[in-house]
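Please look over the sequence and the model below before reading on. The paragraphs that follow take up the domains and then the ligand.

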Amino acid sequence: MHENFPWWKSGILYQIYPRSFQDSNGDGVGDLRGVIERLPYLRELGVDALWLSPIFPSPMEDFGYDISDYTGIDPLFGTLDDFDALVAAAHNLGLRVILDLVPNHTSDRHPWFIESRSSRDNAKRDWYIWRDPKGEVGPPNNWLSEFGGSSWEFDAYTGQHYYHAFLRNQPDLNWRNPEVRRAMHDVMRFWLRRGVDGFRVDVMWHLIKDDLLRDNPPNPDYTEGQQPYQQLVPLYSTDRPEVHDVVSELRQVIDEFDDRVLIGEIYLPPGKLVAYYGRDLAGAHLPFNFALISTPWNARAIAKLIDDYEAALPPGAWPNWVLGNHDRQRIASRVGGDQARVAAMLLLTLRGTPTLYYGDEIGMPQVEIPPDRVRDPWEKNVPGMGVGRDGCRTPMQWDATAYAGFSVSEPWLPLSKNVALENVATERRDSASMLSLRRALIALRRARPELSLGTYKLVSVAGDLLVFERAHQGRRLLVALNLGVASASLAAHGRILLSTFMDRQAEEIDGSLSLRGAEGIILKPSA
Ligand code: NOJ
């Protein structure tokens, strides 16, 4: 339909957490054959591309973000043949496949690290970040691990520390070493040649560290009760100026192939985030914009965020929006009840590529995890601070059978208690369900270039009501979102295309549009 735009601009991305999407072999963990079985569902939903969290061989200390072989498939998920079958089946259905690239760190069981730690003069020693201790065995500087504690691990065998931004089982690669860069570029080519349509790059802003390894300054805003990592400002350990050269080299590899996309996982405020588009937009196509995940759920804050982000975008840069992922609390639980529908309408009517997180389309909640079922290493390292991520990674709820149609045996994480009501099969039959709303929103976005490609203009923000306009080639749509519980109204003329309650389609509005509490409306203005 939109021939002059690359697919990732007009398209919608869908994140699959493979452990939790569909189990095909009854071991309680999702796998690639399971994803293949469910591709028709994604087609029906109407998304354009699926991004798979890591599926590579891994000791699974961080559930796949600790990779021990970049060019294989972990047997838990299947085989390379299964992967090829998945890409072929997805492409047949017109769906693209995006892989997770984790270039910042490997598993400590990756052969590169095993070699690197074997002696100080090993050829791979400099592939990781090794430093002498301060004093007897003290860490080389004050840097902290995102997952708690020092980010340095003393290795008695060679008497030096290695750096790990996350678990000690996840040593950071040294991106100042050209051999590391070449090796990772070859990893990308391996998958691009196999037909993958792009990468989501893990912790892109972490990739290169200060060459002098200077101490990070204390965080003046730190308060008791925040997680320990917040004690310091990660000034020297992340977002270094040199990272942009690294990113532009990743992009060059992407550009060796037609029509592929480079997405970066970057948790930075808009002003710093947009630098990852790169000089002359030669960096990431889409530096993930996570700001909605942490912005307070009120009209004024969201309007300001959109304006700040739009204003920060470099000329020609394409925006994007994310409302959930495998690291953050589920949106349905964060905003609650009918506001989850408003959130869905917001995500699918904003300017820029939306990324949906599996299960959000049926309103899956954050699941409470009993202490004996906790799997997330972060929660285990820093218990009781609410950092645990298991609750947003629970099995997809396909139907109301014993294990929600996800598996024939007990899943690796508990299912939510709402499975009987909130599942794909039930919601498919209900024309007013969250799933039906999502499908209608996606269909509308696909049918209306105003929504997928049009300009964005804030019309008004008054009380809980956020109103904006999307326009393309002279055609306009109005989006009105009521983020409060009381009804609200605005002056408008036109026809309702969609209400979040799914009950006002085609209603004519002549002068005053009134919205119920927690209602969102897409209106085709008549003048
Ligand atoms: C970011 C990933 O999204 C997260 O799940 C993981 O734990 C860290 N990177 C470390 O790889």
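How many salt bridges does the count give between domain 1 and domain 3? Before that is answered, it should be said that the model is a predicted one, and that the protein is divided into domain 1, which covers 7-104 + 178-439, domain 2, which covers 111-163, and domain 3, which covers 455-525. Between domain 1 and domain 3 the count of salt bridges is 0.

Other features describe how these two domains meet. The centres of domain 1 and domain 3, taken over C-alpha atoms, are separated by 30 Å, and the contact draws 22 residues from domain 1 and 25 residues from domain 3. The size of an interface is often given as the accessible area lost when the parts come together. By this reckoning, domain 1 and domain 3 bury about 1900 Å² between them, with 72% of it on carbon and sulfur atoms. On the side of domain 1, the residues A299, M345 and T349 supply 29% of the area that this domain buries against domain 3, which is more than any other three residues supply. Although the salt bridge count is 0, the interface of domain 1 and domain 3 does hold 5 residue pairs in polar contact, with both residues of each pair at pLDDT 80 or more.

The ligand is the next place to look. Of the 14 residues around the ligand, those that come nearest are D62, H105, D202, H326 and D327, and the shell as a whole divides into 7 charged, 4 nonpolar and 3 polar residues. Two of the nearest residues can be followed down to single atoms: an N or O atom in the side chain of H105 is 2.8 Å from an oxygen atom of the ligand, while a polar side-chain atom of D202 lies 2.9 Å from a nitrogen atom of the ligand. For R389, a polar side-chain atom lies 2.9 Å from an oxygen atom of the ligand. On its own the ligand has 290 Å² of accessible area, and the protein covers 97% of it.

How values were computed: Residues are numbered from 1 along each chain as its sequence is written. This is a predicted model: local features need pLDDT of at least 70, side-chain atom pairs count only at pLDDT 80 or more; totals for chains, interfaces and linings use all residues. Side-chain values use heavy atoms; hydrogens and water are left out. A residue is near a molecule or strand if one of its heavy atoms lies within 4 Å of it. A polar contact is a pair of N or O atoms within 3.5 Å; within protein, one must be able to donate a hydrogen and the other to accept it, and residues adjacent in sequence count only if both atoms are side-chain atoms. Accessible areas come from the Shrake-Rupley method with a 1.4 Å probe; for residues, only the protein chains shown count as cover. Ala, Val, Leu, Ile, Met, Phe, Trp, Tyr, Cys and Pro count as nonpolar, Asp, Glu, Lys and Arg as charged, and the others, Gly among them, as polar. Domain bounds come from an automatic or database domain assignment. Contact means heavy atoms within 4.5 Å. Buried area is the accessible area (1.4 Å probe) that two parts lose on being put together, summed over both. A salt bridge is a side-chain nitrogen of Lys or Arg within 4 Å of a carboxyl oxygen of Asp or Glu.
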